[in-house]
Amino acid sequence: MSDLAAPFDGYRDVVRPEWIDHNQHMNMGYYLVVFDFATDEFLRWVGLDEAYRAAHAVTTFCLEAHVTYHREVRSADPLRFTTLLLGHDARRIHYFHAMYHAGEGYLAATNELMSLHVSLATRRAAPMAPEVLARLALVQQAHDALERPPQVGRRIGLANRPRGM
């Protein structure tokens, strides 16, 4: 893997038995759990790791998250995650995870997120350190060359629904 992998392809997991619901597939709540694990790995990769957070007394908060479900995964299924940096500024990071069945290769789910860089002292938005912003700029350049997935920017609603129904 290149240091500027496009997309980032560094997180793997497996569907755990405790994540399975009465339908015998991964419960929707655990998609957010495992996507959060993928977020942790992505943030480490861009420089927002545990050492950075401790040294600067900062963290990240999720501002918004959108999940799409494409195919079910079941107990013990291997998972592979890719992450695409969609955009960033001094305080925010917009990114997109895709979850694949690592054995069969199909897209299982996606997660689009907006995270906020936060001071632990004030619990308010704070700018990222220059070295993190420089790293994000390099990642952004590599990721901007990729096509945007069709799930990016989706909204929920009923298409072609007559008014009043």
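Contact here means heavy atoms within 4.5 Å. With that cut-off in mind, the tour proceeds through a predicted model, beginning with the whole chain and ending at a single turn.

**Whole chain.** Display all 165 residues of the protein, 38% of which count as buried. The C-alpha atoms fill a box of roughly 45 × 45 × 35 Å along the principal axes. Colour by secondary structure to show three helices and five strands, which follow the order β-α-α-β-β-β-β-α from the N terminus. Of the contacts between residues at least 6 apart in sequence, 70% join residues at least 24 apart. The accessible surface amounts to about 9,400 Å², with 53% belonging to carbon and sulfur atoms.

**The sheet.** Select the five strands next; they form an open sheet in the order 1-3-4-5-2, with antiparallel pairing. Strand 1 (8-14) and strand 2 (58-69) each have a single partner strand, so one side of each is left without a neighbour in the sheet. On average, neighbouring strands of this sheet are turned by 25° against each other, direction ignored.

**Strand 5 and its partners.** Select residues 107-119, which make up strand 5. Of the 13 residues in strand 5, 11 are buried. Strand 2 is joined to strand 5 by 11 bridges, and the two run antiparallel. To follow this pairing, select Val58, whose bridge partner in strand 5 is Ser119, and then Ala65, which stands opposite Leu113. Strand 4 is also antiparallel to strand 5, with nine bridges between them. Keep Leu113 selected and add Tyr95, which stands opposite Leu113 as well.

**The hairpin.** Move to the connection between strand 4 and strand 5: the two form a hairpin with five residues between them. Select Gly105 in this turn, where phi is positive at about 85°.

**The helices on the sheet.** Select residues 28-46, helix 1, which lies across strand 1, strand 2, strand 3 (78-88), strand 4 (92-101) and strand 5. Helix 1 runs at about 120° to strand 4. Then select helix 3 (residues 130-144), which packs on the sheet and touches strand 1, strand 3 and strand 4. The direction of helix 3 makes about 105° with that of strand 3.

**Charges.** Finally, display the charged side chains of the protein: 17 positive and 19 negative charges. The mean positions of these two sets are 8 Å apart.

Technical notes
Residues numbered from 1 in each chain as written. Predicted model: local features only at pLDDT ≥ 70, side-chain atom pairs only at ≥ 80, totals over all residues. Heavy atoms only, no water. Pairing = 2+ DSSP bridges. Helix = DSSP H or I, 4+ residues; strand = E, 2+ residues; numbered from the N terminus. Axes fitted to C-alpha atoms, helices over the stretch in contact; angles between N-to-C directions. Buried < 20%, exposed > 50% of the residue type's maximum accessible area, 1.4 Å probe, protein only. Areas by Shrake-Rupley, 256 points an atom, 1.4 Å probe, with all protein chains shown as cover. Lys, Arg positive; Asp, Glu negative; His and termini not counted. Charge placed at Lys NZ, Arg CZ, Asp CG, Glu CD.
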